[in-house]
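The following exercises concern the overall form of a protein and the setting of one of its strands. Each task is followed by a worked solution.

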Amino acid sequence: MNGGKKLLWLVVAVGFATSVLGVQSEGQAAVWVEKGTTKVYKPLALAGTSAEVFLEAPRNEWEGFQVVIQASDEGMSGVSVVMSDLAKDEGAGTLDSSNARLYLEHYIHIDKPSPCDSFFSQDCGGYDIFTRTPGDYPDPLIPFYNPYSDEHEAVAIPFEVAAGDLQTVWVDWFVPLNAEAGEYSGTLTVTREKAIVAEIPVHLTVWDFELPTSPSMASSYGFGEDRVWWYHGGAEGPDAETTTRILDNYDLALHKHRMALRGYGPSVTFEFDEAGQLIPPDFTQYDAVVGPRISGAHYPDGGAVNRYNLGMFKPGGSMMGLTEEQYIQAAKAMVDHLEEKGWLSHVYLYSLDEPWMPEHWQDGSYDKIRTSVDLLRQASDKWNGHVMVTGPYQSQLDGYVDIWCPVVPMYSDVFYPEGSWPGPDEYAELLSIGNELWFYACNANYPGVLGYDLDAKIGYEPRLLKWGAWVENASGFLYWRTNYWMDPDPWANMANWEHFGEQFSRNGDGILLFPGDHNGSKVGFGSPAGVSMDGPIVSYRMKQIRDG
């Protein structure tokens with residue numbers, strides 16, 4: 001196993017640019033801080049002892065840490081947390097507290113842990129760090145103030161801490177592009193009924209460089225729009241303006257975490273005259289959605305989408321109701337338009353999903369993909385370089401696929417016996433001829449193969465996964481769904497045991513966002529009482545993905 005592969009797929013103990021010292025307590029409360037990469041789950045084996053924060057970040061980066069408030073034999077009510085400005089230690093200069101975002105970490109109880117292997121074992125090979133156990137795990141991050149309204153009304157504060165229990169607060173600091181390099185200091189204050197419980201010194205070192213606003217790595221995160229209306233909009237559903245606003249808020253929440261939705265834009269209609277010739281398509285609506293996202297004008301930070309799935313001309317998929325000749329004409333018109341707009345380099349074609357699955361190849365999946373690609377090539381050689389398959393390299397598709405996207409365990413001998421799947425050497429050869437390597441994660445992702453399990457005890461698993469993909473020379477990452485919400489309660493049901501079965505279900509699989517409202521008519525449960533927003537609740541795991 002090469003060094004890169006060890007970093008990519010096996011959890012290792014690493015340090016990140018956040019450190020903490022000391023502890024504070026007052027009356028019936030103990031307050032301490034934890035690194036953003038430390039998952040504070042319950043039952044808590046050992047209380048922390050840190051009460052000073054040290055952060056390091058370049059400009060245009062978010063850096064997070066956590067504050068833990070623990071009540072002893074008396075509960076606490078009217079609790080809040082306030083972040084001050086950060087003043088430059090030497091010379092003039094201040095980073096305004098408006099650059100901070102605070103969230104209440106909501107705990108989800110897990111009765112049935114994710115399996116450690118395909119035999120539903122729970123010993124994880126004797127590695128305690130991988131063992132999934134019942135307990136309460138933090139993931140949904142309820143914002144202190146509503147980020148989706150102009151009023152920014154309070155949502156998560158003040159809050160309560162039950163006797164003997166603890167509550168964790170996530171604190172995000174953004175370093176603006178105009179920040180001067182140097183050392184800054186401020187104070188985080190915890191109050192109870194407006195009385196000070198603890199004051200925690202916060203130090204930030206701003207490095208003298210900046211991160212680019214537009215991500216250099218492609219990402220493709222699935223999203224099910226239909227599920228959104230189960231919870232937003234009431235019995236009749238929202239009006240068109242509200243629908244657009246809510247969907248934009250979900251898109252923006254992912255964008256802020258350097259994650260892109262899988263696809264953008266409505267489908268284009270292709271019509272033909274009596275002679276069978278394509279009538280020039282109307283791209284107006286399509287361009288209005290896609291253009292601002294490619295330029296970055298759609299987003300407040302000006303960041304552009306790196307890649308997106310076209311959603312049409314799916315290799316191995318349907319013919320879109322067209323004959324082969326019509327398909328060829330339509331594909332040529334589409335690719336010519338994308339090239340004219342300068343968007344073609346941002347597009348990929350998501351082929352028939354997981355053609356290596358037995359039920360798929362038995363149904364002719366490889367032939368279907370090859371047939372579609374042949375038609376696309378008849379339309380234009382401009383489609384070369386854009387075909388992506390969710391699967392490892394396989395000779396059946398050699399010369400037909402440009403972007404190989406294996407699921408994490410199907411990379412080399414990470415999980416399967418040696419020689420089962422291609423590894424770094426094989427992909428290096430493919431990269432040398434212009435192919436790309438992406439990765440994706442989904443169910444059946446057993447520890448210690450890195451993934452997005454909600455009940456993983458290692459907080460930084462999703463973060464390390466992105467660094468490892470970079471080490472392996474991958475240029476993109478795909479995830480099948482971000483809002484795979486399930487009845488009856490999308491804030492509690494974290495694994496679809498009935499559909500995926502005992503071997504393949506994992507807690508949190510397909511769920512990175514949580515519905516920020518519950519006034520829909522489809523189901524009776526949604527966000528907790530008092531949480532009603534026109535947008536999603538983001539998660540602890542999304543913070544780790546962003547930082548990776």
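Two strands are taken as paired if DSSP finds at least two bridges between them. The model under study is predicted.

**Exercise 1.** Determine how strand 16 and strand 17 are related, and which residue of strand 17 stands opposite N309.

*Solution.* Step one is to locate the elements: strand 16 covers residues 308–309, and strand 17 covers residues 347–350. Next, two bridges join strand 16 to strand 17, and the two run parallel. Finally, N309 has Y348 of strand 17 opposite it.

**Exercise 2.** Establish whether the faces of strand 17 are covered or open.

*Solution.* The criterion for a buried residue is under 20% relative accessible area. On one side of strand 17, V347 and L349 are buried. On the other side, Y348 and Y350 are buried as well. Both faces of strand 17 are therefore covered, given the cut-off of 20%.

**Exercise 3.** Compare the radius of gyration of the protein with that of a compact globule.

*Solution.* For 548 residues, a compact globule would have a radius of gyration near 24 Å. The protein has 25 Å, which agrees. Its C-alpha trace spans about 85 × 50 × 50 Å along the principal axes. Of the 548 residues, 55% count as buried.

**Exercise 4.** State how many positive and negative side chains the protein has, and how far apart the centres of the two sets lie.

*Solution.* The count gives 35 positive and 76 negative side chains. The centres of these two sets lie 2 Å apart.

Key. Residues numbered from 1 in each chain as written. Predicted model: local features only at pLDDT ≥ 70, side-chain atom pairs only at ≥ 80, totals over all residues. Heavy atoms only, no water. Rg over C-alpha atoms; globule rule 2.2 N^0.38 Å. Buried < 20%, exposed > 50% of the residue type's maximum accessible area, 1.4 Å probe, protein only. Lys, Arg positive; Asp, Glu negative; His and termini not counted. Charge placed at Lys NZ, Arg CZ, Asp CG, Glu CD. Helix = DSSP H or I, 4+ residues; strand = E, 2+ residues; numbered from the N terminus.
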